[in-house]
Amino acid sequence: MIQLTNHYETEIYLGKGESCTITPQLLDRHNLQLTLSFGSKNAAGKPTGLCITRVTAQQNHPFDITVNDTALTFTPKVEE
């Protein structure tokens, strides 16, 4: 489970220099919109391979997403 705060970014490191930044927005008591930014950094530390996607999910319910070749399962919970 990922603990998120409404409208605040949370960064998750996925390994091999890749990370995912999640920005949640509560739509109502049960639903939220997540903006997911996937990316990595090259040897010089500059961002590369940025991919941004937006999904609608339910709190406390797992969902799967695949971006590029990375498959992830999230169970979001947002504090207001």
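Me: In what order do the four strands of the open sheet stand?
Reply: This is a predicted model. Its open sheet has four strands, with antiparallel pairing. The order is β2-β3-β4-β5.

Me: Which strands stand at the edges of this sheet?
Reply: An edge strand has a single partner strand, so one side is left without a neighbour in the sheet. Two strands fit that description here. They are β2 and β5.

Me: By how much are neighbouring strands of this sheet turned against each other on average?
Reply: Direction is ignored for this angle. The average for neighbouring strands is 20°.

Me: Over how many bridges do β4 and β5 pair?
Reply: Strands of a sheet pair through backbone hydrogen bonds, either parallel or antiparallel. For β4 and β5 the sense is antiparallel. In β5, T53 stands opposite L36. The number of bridges between β4 and β5 is ten.

Me: Which residue in β7 is the bridge partner of F63?
Reply: Strand β6 covers residues 63-67, and strand β7 covers residues 70-74. The two pair in the antiparallel sense over five bridges. The partner of F63 is F74.

Me: Which residue takes a positive phi in the hairpin of β6 and β7?
Reply: This hairpin has two residues between the strands. A phi near 55° belongs to N68.

Me: What is the volume of the largest pocket?
Reply: The lining of this pocket has 13 residues. Closest to its centre are E11, S19, G39, S40 and K41. The volume of the largest pocket is about 220 Å³.

Me: Which strand gives the most to the lining of the largest pocket?
Reply: β2, β3, β4 and β5 each supply at least two residues. One of them leads, with five residues. That strand is β4.

Me: How many residues of the lining of the largest pocket are charged?
Reply: Four residues of this lining are nonpolar. Seven are polar. The charged ones number two.

Me: How many residues of the lining of the largest cavity are nonpolar?
Reply: About 30 Å³ of space lies in this cavity. I2, L4, I22, L34, L36, F63, F74 and P76 line the cavity. β1 and β4 each supply at least two of the lining residues. No residue of the lining is polar or charged, and the nonpolar count is eight.

Me: Is H7 buried or exposed?
Reply: H7 lies in the loop between β1 and β2. Its phi is positive, about 70°, although H7 is not a glycine. Relative accessibility is 53% for H7, and exposed means over 50%. So H7 counts as exposed.

Me: Where does N60 lie?
Reply: N60 is a residue other than glycine with a positive phi, near 65°. Its relative accessibility of 41% makes N60 partly exposed. N60 lies in the loop between β5 and β6.

Me: What is the relative accessible area of Q25?
Reply: The place of Q25 is in strand β3. Leaving out residues up to four places away in sequence, Q25 touches N6, H7, L32 and Q33. Q25 is partly exposed, and its relative accessible area is 34%.

Me: How far apart in space are Q25 and G45?
Reply: In sequence, Q25 and G45 are 20 residues apart. In space, C-alpha to C-alpha, the distance is 29 Å.

Note on methods. Residues numbered from 1 in each chain as written. Predicted model: local features only at pLDDT ≥ 70, side-chain atom pairs only at ≥ 80, totals over all residues. Heavy atoms only, no water. 1 Å grid on protein atoms, 1.4 Å probe; cavity = no way out; pocket = protein on both sides within 12 Å on 5 of 7 lines; lining within 4 Å. Points joined across faces, edges and corners; volume = space filled by probe spheres on them. Nonpolar A, V, L, I, M, F, W, Y, C, P; charged D, E, K, R; others polar. Pairing = 2+ DSSP bridges. Axes fitted to C-alpha atoms, helices over the stretch in contact; angles between N-to-C directions. Buried < 20%, exposed > 50% of the residue type's maximum accessible area, 1.4 Å probe, protein only. Contact = heavy atoms within 4.5 Å.
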